[in-house]
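Visitor: I am new to this structure, and I would like to understand the reasons behind the words that are used for it. Could you show it to me and then take my questions in turn?

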Amino acid sequence: MAYNAKDLSVLAYANGFTLWHYKTDDAAGAVDTQNYFNDAADVFRAGDMILANTGNGGSVAAGLFLVSNADAGSVDVHDLLPVGAVNTD
């Protein structure tokens, strides 16, 4: 799949920093590839964070992506920093 603008929303904004939320069926590894968010390059800034729910309906993961670069139509995010621990039930 690919980035879908309707699944991106602002959670908080202050002092030039934005905390975003993004939900996708794509796996976290696909989302953290360079250029996944290129269509949103005009809204992201380096240092923004994206709280994400990935792999919905498949290999579900949640965590934070840090926007490392966002300029000239190009966006890159760091690998997902997972939230939670392994469920041993």
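Guide: What follows is a conversation about a predicted model, going from the whole chain to its strands and then to single residues.

Visitor: What is the protein chain made of, and in what pattern do the pieces follow one another?

Guide: The protein chain has one helix and six strands, and reading along the sequence gives the pattern β-β-α-β-β-β-β.

Visitor: What makes the protein chain as compact as a globular protein of that length?

Guide: The radius of gyration of the protein chain is 13 Å, and the globule rule gives 12 Å for 89 residues; the two values are close, so the chain is as compact as a globular protein of that length. Along its principal axes, the C-alpha trace spans about 45 × 30 × 20 Å, and buried residues make up 34% of the 89 residues. The accessible surface comes to about 5200 Å², with 54% of that belonging to carbon and sulfur atoms.

Visitor: How do you know that strand 1 and strand 2 pair?

Guide: Two strands count as paired if there are at least two bridges between them, and strand 1 (residues 8-14) and strand 2 (residues 17-23) have six bridges in the antiparallel sense, so they pair. One example of residues standing opposite each other is Ala14 and Phe17, the latter in strand 2. These strands form a hairpin with two residues between them, where Asn15 takes a positive phi near 50°.

Visitor: Why is Asn15 called exposed?

Guide: The word exposed is used for a relative accessible area over 50%, and Asn15 has 83%, so Asn15 is exposed. Asn15 lies in the loop between strand 1 and strand 2, and its positive phi belongs to a residue other than glycine. Most residues other than glycine have a negative phi.

Visitor: Which strands does strand 4 pair with, and how do you know that they pair?

Guide: Strand 3 (residues 49-54) and strand 4 are joined in the antiparallel sense over six bridges, four bridges join strand 4 to strand 5, and two bridges join strand 4 to strand 6 (residues 81-82). The cut-off for pairing is at least two bridges, so the two bridges between strand 4 and strand 6 satisfy it. Strand 4 runs antiparallel to strand 5 and likewise antiparallel to strand 6.

Visitor: Which residues stand opposite each other in these pairings?

Guide: Leu51 has Leu64 in strand 4 as its bridge partner, Gly63 stands opposite Pro82 in strand 6, and Asp71 stands opposite Ser74 in strand 5. The hairpin of strand 3 and strand 4 has six residues between the strands, and Gly55 in its turn has a positive phi of about 65°. The hairpin of strand 4 and strand 5 has two residues between the strands, and there Ala72 takes a positive phi near 50°.

Visitor: Is Ser74 buried or exposed, and how do you know?

Guide: Buried means under 20% relative accessible area, and Ser74 has 17%, so Ser74 counts as buried. Ser74 is found in strand 5 (residues 74-77), and beyond its neighbours within four places in sequence it is in contact with Gln34, Asn35, Asn38, Ala41 and Asn69.

Visitor: Why is Asn35 called partly exposed?

Guide: The relative accessible area of Asn35 is 42%, which falls between the 20% and 50% cut-offs, so Asn35 is partly exposed. Asn35 is found in the loop between helix 1 (28-31) and strand 3, and has a positive phi of about 85° although it is not a glycine.

Visitor: What makes Leu66 eligible for the nonpolar surface patch?

Guide: A patch takes residues with over 30% relative accessible area and no salt bridge; Leu66 has 33%, so its accessible area passes that cut-off, and Leu66 is also called partly exposed. Leu66 has its place in strand 4 (residues 61-71), and together with Phe17 and Met49 it makes a nonpolar patch of about 210 Å².

Visitor: Why is Asn4 called partly exposed?

Guide: Asn4 has a relative accessible area of 30%, which lies between 20% and 50%, so Asn4 is partly exposed. Asn4 is found in the segment before strand 1, and its C-alpha atom is separated by 9.0 Å from that of Lys23, 19 residues apart along the chain.

Note on methods: Residues numbered from 1 in each chain as written. Predicted model: local features only at pLDDT ≥ 70, side-chain atom pairs only at ≥ 80, totals over all residues. Heavy atoms only, no water. Patch = residues over 30% accessible without salt bridge, like charges linked within 9 Å, V, L, I, M, F, W, Y side chains within 5 Å. Areas by Shrake-Rupley, 256 points an atom, 1.4 Å probe, with all protein chains shown as cover. Salt bridge = Lys/Arg side-chain N within 4 Å of Asp/Glu carboxyl O. Buried < 20%, exposed > 50% of the residue type's maximum accessible area, 1.4 Å probe, protein only. Rg over C-alpha atoms; globule rule 2.2 N^0.38 Å. Contact = heavy atoms within 4.5 Å.
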